[in-house]
Amino acid sequence: MQVYVFKTEQDVDTYVGQQISTFIQDNDAPVIGFATGSTPLGAYDYLIDSYQSGKTDFSKVRAFNLDEYVGIEKDHPQSFARAMKDYLFSKINIKEENIYSLNGNAKDMTKECKEYDQLIINNPIDIQILGIGMDGHIAYNEPGSSFDSESHVVDLHPESIQSSLDYGFTKIEDVPTQGVTQGIKTIMKARQLIMIAKGNKKAKLVERMLYGPVSEDFPSSIIQTHNNVIVVLDQCAAANLKEETYERR
Ligand code: PGA
């Protein structure tokens, strides 16, 4: 595992943006797993700039979203599919048919999850971008999720429901109580994971994720066992880490 600590959030964004755009430029059929949430937005801004300045062509990129709310339409203003479309996909030349996401409003969620897993098997993810939730989740794999899980429906943890207020819901009662997510097993199949965390509020979580036991009680701890993972932090998120365990960038 490589752990890189940057001075500012913007340095983190630039580094992650560069990693992804370079990969896309160097590969014929890149498959990128995108995360929602506020953490990767700056890296997505970098990708938009990189497209607009003619440096990165997204026409061959296939994109997989990590997770979704259950019970809302894909084009609901707060759906993760819509958030990714509005923030990033509509501003780059990715092809609509190359964007894949779980449909949280599918009639048969078991079938939906199986088909999504099969799509990922057919299009193995090269780089999966990840953030860490306030309860230690990755995607919507909440504490207690099996490390052996494929895509599945989950009951959202109260912390995750609370965090959804940052994503455009105005009332807690409007936030869906269930999500559908790539499972840990699905996520761990990605060739490379890029885990991003920024800010003081993530410092204790990052410490637990990197130094704590690998345990289903704290799902993001699983990344310790992946053979190709880069953890990209700003100084604030790295505040509880020991100097000798990371590289200052
Ligand atoms: P955040 O969410 O980027 O908004 O902090 C991270 C997550 O829940 O995975």
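This is a short tour of two sheets and a ligand, one selection at a time. The model you have open is predicted. Numbering starts from 1 along each chain.

**Stop 1: the sheet of 8 strands**

Show the strands as arrows. Find the open sheet built from 8 strands. Read across it in the order 5-3-2-6-9-10-1-11. The pairing here is parallel. Now go to the two edges. Select 99-100 for strand 5 and 247-248 for strand 11. Each has a single partner strand, so one side of each is left without a neighbour in the sheet.

**Stop 2: a pair inside that sheet**

Select residues 192-197, which make up strand 9. Add residues 229-234, which make up strand 10. These two strands run parallel and are joined by 5 bridges. Which residue of strand 10 stands opposite Ile 196? Colour Val 232 to see the partner of Ile 196. Show side chains along one strand as well. In a regular strand, side chains alternate between the two faces of the sheet.

**Stop 3: the sheet of 3 strands**

Next, find the other open sheet, with 3 strands in the order 4-8-7. Its pairing is antiparallel. Select 67-69 for strand 4 and 152-155 for strand 7. These are the edge strands, and each pairs on one side only. On average, neighbouring strands in this sheet are turned by 25° against each other, direction ignored.

Now add residues 178-181, strand 8. How many bridges link strand 8 to strand 7? There are 4, and the pair is antiparallel. Strand 8 also runs antiparallel to strand 4, with 3 bridges between them.

Zoom in on Val 180 in strand 8. Val 153 stands opposite Val 180. Glu 68 also has Val 180 as its bridge partner.

**Stop 4: the ligand**

Select the ligand. It sits in the largest pocket. What surrounds the ligand? Pick Gly 37, Ser 38 and Thr 39, then Gly 131, Ile 132 and Gly 133, and finally His 137, Tyr 167 and Lys 202.

Now look at three of these side chains with the distance tool.

- Thr 39: an N or O atom of the side chain is 2.5 Å from an oxygen atom of the ligand.
- Tyr 167: an N or O atom of the side chain is 2.6 Å from an oxygen atom of the ligand.
- His 137: a polar side-chain atom lies 2.7 Å from an oxygen atom of the ligand.

Finally, turn on the surface. The ligand taken alone exposes 280 Å². The protein buries 86% of that.

Terms used: Predicted model: local features only at pLDDT ≥ 70, side-chain atom pairs only at ≥ 80, totals over all residues. Heavy atoms only, no water. Pairing = 2+ DSSP bridges. Axes fitted to C-alpha atoms, helices over the stretch in contact; angles between N-to-C directions. Near = heavy atom within 4 Å. Polar contact = N/O pair within 3.5 Å; in protein donor to acceptor, adjacent residues only side chain to side chain. Areas by Shrake-Rupley, 256 points an atom, 1.4 Å probe, with all protein chains shown as cover. 1 Å grid on protein atoms, 1.4 Å probe; cavity = no way out; pocket = protein on both sides within 12 Å on 5 of 7 lines; lining within 4 Å. Sits in = over half its atoms within 2 Å of the grid points.
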